[in-house]
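The exercises below are meant to be worked with the sequence and the coordinates open side by side. Each task is followed by a solution that proceeds step by step.

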Amino acid sequence: MTKIGLEIHCQLTNLQSKLFCSCKANYREFSPNTNICPICVGLPGSLPMLNQKAVEKATMISMALNCKTPEKIAFFRKNYFYPDLPKNFQITQFDAYGPTSIGHDGKITIEGKEIRIRRIQIEEDPGRLIYEGTSEKTQIPLVDYNRAGTPLVEIVTEPDFDNPKQVRVFLNILVDLLENLGVSDPTLEGALRADGNVSVEGGNKIEIKNVASFHDLEKAIHFEITRQQSLVERNIPIISETRQWDDRRKITISARKKEEEQDYRYFLEGDIPWVKLNSDHFKKLREKMPESIASKRERYVEKYGITNQVADVLSSDKYYADLFEQSHDEKNAKEIANIITTDLMGFVDTREKRETSKLTHQHLTELVNSIMDNKITRNSAKTALQEMVSTGKSLIEIISEQDLDNVSDESTISSIINEVLNEEANAVQEVKEKPETVNFLVGKVMKKSKGKADPSMTLNILKKKLGIT
Amino acid sequence: MSGHQSWFDLNLGISALKYIGEIKNGNLTAEEFISKTIERIQKVDSKLHAYLSINEQAVEQAKSIDKKIKAKENVGACMGMPISIKDNICVKGTKTTCASKMLEDFIAPYDATVVSKLKAEDTIIIGKTNLDEFAMGFTTEFSAYGPSKNPWNTEYVPGGSSGGSAAAVSALECIASLGSDTGGSVRNPASFCSVVGLKPTYGLISRYGLISYSNSIEQIGPITRTVEDTAFLLNIIAGMDPHDNTTIDNQNENYLNDIDSGVEGKKIGIIKEMTHEGVDKQVSAATNKAISNFEGLGATFEEISLDMVAYSVAAYYIITATEAGSNLARYDNLRYGYDFDSEGYEFNSYLSKARKNFGPEVTRRMILGGFVPSAGHAGKYFLKAMKVKSKLTAQVNEALKKVDMLIAPTVPILPFRFGEKIDDPVALFLVDINTVTANLTEKPAISIQFEISGGLPIGIQLLGKSMQDKMLLQAAYALQNTVKLPEVPI
Amino acid sequence: MVSKEEIEHVAKLMRIEIDDHVVHIDRIQKMIAYFDILDKANVESEELIVREQTIDALREDKYIPYDGKLIENLKNYKGSYVRAPKLV
Ligand SMILES: [Zn+2]
């Protein structure tokens, strides 16, 4: 049986400062080595000052993944030499003295399958290595410490996945969950990273590292399963090892054989006393925690009669969910949900578009209420929505500028219909034979009225004129 | 007051408190005192090698303080008093070498918290003092820049690792000094050089800017010629620091107030394991005399046994090696260190070459630090050491429920000659047996100069309850006033 | 007794070349042999005593830019990077 486990690294991008110093948590805007201080470059004499919010956010992740949370958390040193690691040890968590990392023994259910979470721990990100020079021979490794000390939460699952598809579903749900919690922005490059481990029936566990994206991880796992199965079929033993994903060739390759076994010499970080987490801490955070995606989804369906499919889309995307929460009332909820998941989605489907969008929740309320009061057609609403996103203008302004107000006066619609009936003799004939094709003519009328004709009134008049029901 | 004191009879041996009084009275200027101190350093330090570097701006700084005093501007409490700083504590813009070739070119870009606090009180940092490389040792013989000498007899070690600090204070090359104490590194040289040395409660003084050796047990501590001066410095440097997560709120305790309250009615425990076996006869006699002096002041005594003391030195070396192995891993010479180009080297081989600049003792401790906490050996060594630490702490806590403080000689033996113990690591281990307990248990402990025996100093150590550093200073003050010691011969 | 090979191996892991082998190895062996004393301490069942703090004691999450160009105080490559030796 195939077993797959994951190790996910999630940067707490929504924090202001790094894990142990006051440098900025979001290092992306800085030129090399300008977001550094004595602490995050590990200068002699500097000491780590643990970020309170990082512990809170990590606690939230732990609770959201149904983990057990300890009464005291401890920090440990993981010792190894690498140029991007300024102290040549990483401050992380470890369970040498019983469970003292921020969470353990959690679970989430995906498509009816329970995935167990082994451990959740807080740790610091290393810096970044870049290479100057083109050929492999002349390359100079250079270190940028801007990222060093960025707060990370590592989530380790049990090997509970059976196939890459489950991995994908899990990661999608996890991304939504982390975003919904307000702990991390998954659209930021490098904010979420995952390593995997794979074993097939009759073989040992293989770790896969160096995977740039979740998408690649799925491919790498897929490749590994196929590779391992073919080894088993040929009776070639699978030796436990770490393999790297080669993004160019789309294969995994054995990481260079280490001349030494890794021994991280974990021991307690004396500079950070154990942090006591009393029930008040958990209670306070539970109150602060946003409603879970599952609970939102359920509420949308049950309270507003929104369809399962729409509720799914709406609840799992924090941007949409937040807009919905702010703009709806009991009467217009369903319509707002529809507008968001059909029309708005096309206008704000990337991080950049969302950042530049001028749409507010007031816009949305106004727009949907106008549709419901027949002041504007659904069609015109879409045009207005796009205008709101790009200019932030009010509905009234847009209606008057673009002449979008609803045409619901019977004689105007009637004369447009007459024009259409004259122009579309063939279609008229067809509708008379097959009344269900009447929508073709409705569409023509809408087009002629620039989307402003009231659709239900149009249909009624058309039916009357053509003598169909 | 008798007007201006002459240049020549200016006494460099005055205490910090006396110095401040003389400055306030106008009998002395900071410039006079600093100039004279520098003259003294020039005269004796070629023999003692207490300093690794001297502040070239000291006289200028003294002048500007004098100007402020004259203009009746606000002046800090130290009024230009010269203080030296162990060279493992960062002073902004100056070399901080840890007496290692590894940090030959390291210039600290910031001040340690203790240094900022001293500067804010108009202290003049007169220079950086010598130590065993990275504070690993008890003689200063492991300094990469050569040992310091004992001012009482330059053929003898000054103790360590803060040997430069203790020698400088003892030889009147400064009024006071800050050292660091990981297993006795303040108290041991204080005892060997006949001065006062305090290892405060863990967390009382910020370690920000102290270059870590074994961060879970070490503290910065003052070295002074009088107990009052230690109390005075503690008032300045103690307290919570937003740069050190392990500091404790001391409620702005004033350690100088009521320093003369005495020991009447106090119960003192004599630590059995530190006062009998392996204790030199003269040291033993001095300890008994100290006990009887205390009795004369109204204290009572009982013997206390702490059987974990027998394992304390092993536990101490295992814990310190483990932490040092990790703390010193950052010295890979990539970001700072000394001049050695990495061109043409592979990462690991460059590190191994660059780190050859560690001296022999540091090299050995690094290897120990790689060995005792490793996956295959942690159970036998590191975890056991941590448990000994815990059990020792429990035993000391238990004892301090029965008595107010504990007493023992600071070092069981007299100062010894250079080269005498350096070749036998286990013999050198046992020099620490009386001092490591305070570090392992986070307790405050102070060494007070008590006797000069055959020309060699003997110090007495008191160990107190956590955050009761003040009670310890009061007792030390009382003991100090029962003896009159000769002046330093150099 | 810890073997010479093991000590050499640990030295390599700690990234320090050792020259005067004999002296180092002899002393390290003596030190480690001394640590055997702990086998008699009988502390296996001892609970660990640890230092603790409340979550309120932790640093507030606030961005405070470092005052100064720290990279200029480090060994730097063209004023903006730290150079590392080749990683094979
Ligand atoms: Zn920083």
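**Exercise 1.** Which backbone oxygen lies 2.6 Å from a polar atom of the side chain of B:Tyr110?

*Solution.* The model is a predicted one, in which local features need pLDDT of at least 70 and side-chain atom pairs count only at pLDDT 80 or more, while totals for chains, interfaces and linings use all residues. Residues are numbered from 1 along each chain as its sequence is written, chains are lettered from A and ligands numbered from 1 in the order in which they are written, and side-chain values use heavy atoms, with hydrogens and water left out.

Step 1. Locate B:Tyr110 in the loop between strand 2 (82–86) and helix 4 (113–120) of chain B, where helices (H or I, at least four residues) and strands (E, at least two) are DSSP runs numbered from the N terminus.

Step 2. List the residues that B:Tyr110 touches, leaving out those up to four places away in sequence: A:Pro38, A:Leu43, A:Pro44, A:Gly45 and A:Ser46 from chain A, and B:Cys90, B:Val91, B:Lys92, B:Tyr208 and B:Gly209 from chain B; contact means heavy atoms within 4.5 Å.

Step 3. Select the oxygen: that of A:Pro44 lies 2.6 Å from a polar atom of the B:Tyr110 side chain, and the backbone oxygen of A:Gly45 lies 3.4 Å from a polar atom of that side chain.

Step 4. Add the accessibility, for which buried means under 20% relative accessible area, exposed over 50% and partly exposed in between, with a 1.4 Å probe and protein chains only. B:Tyr110 counts as buried because its relative accessible area is 6%.

**Exercise 2.** Identify the donors of the zinc ion, and explain why their arrangement is called tetrahedral.

*Solution.* Step 1. Collect the donors, which are N, O and S atoms within 2.8 Å of the metal (3.2 Å for Na, K and Ca), bearing in mind that water is not among the atoms and that sites may therefore look incomplete. The SG atoms of A:Cys21, A:Cys23, A:Cys37 and A:Cys40 coordinate the zinc ion at 2.3 to 2.4 Å.

Step 2. Examine the angles: the four donor atoms subtend 103 to 114° around the zinc ion, and the arrangement is therefore tetrahedral, a label that four donors receive if all angles lie between 85 and 135 degrees.

Step 3. Read the spacing in sequence, which is C-x1-C-x13-C-x2-C. A:Cys23 and A:Cys40, 17 residues apart, link distant parts of the chain, although each is placed in the loop between strand 1 (3–11) and helix 1 (52–64) of chain A; both of these cysteines are buried.

**Exercise 3.** Where does A:Asp271 lie, and which side chain does a polar contact of 3.0 Å join to that of A:Asp271?

*Solution.* Step 1. A:Asp271 is placed in the loop between strand 14 (267–268) and strand 15 (274–276) of chain A, and it is classed as buried because its relative accessible area is 4%.

Step 2. The partner is B:Asn215, whose side chain is joined to that of A:Asp271 by a polar contact of 3.0 Å. A polar contact is a pair of N or O atoms within 3.5 Å; within protein, one must be able to donate a hydrogen and the other to accept it, and residues adjacent in sequence count only if both atoms are side-chain atoms.

Step 3. Beyond four places in sequence, the residues touched by A:Asp271 include A:Leu47, A:Pro48 and A:Arg77 of chain A, together with B:Arg207, B:Asn245 and B:Thr246 of chain B.

**Exercise 4.** Find the backbone features of A:Asn88, B:Cys98 and the peptide bond from B:Gly160 to B:Ser161.

*Solution.* Step 1. Phi of A:Asn88 is near 55°, a positive value in a residue other than glycine; A:Asn88 belongs to the loop between strand 3 (76–79) and strand 4 (89–92) of chain A and is buried, at a relative accessible area of 1%.

Step 2. For B:Cys98, phi is likewise positive and near 55°; this cysteine sits in the loop between strand 2 and helix 4 of chain B and is buried, with a relative accessible area of 1%.

Step 3. The peptide bond from B:Gly160 to B:Ser161 is cis, with omega near 10°, and B:Ser161 is located in the loop between strand 3 (124–129) and helix 5 (163–170) of chain B.

Note on methods. Four donors count as tetrahedral if all angles lie between 85 and 135 degrees; four count as square planar and six as octahedral if opposite donors are over 155 degrees apart and all others between 65 and 115; anything else is irregular.
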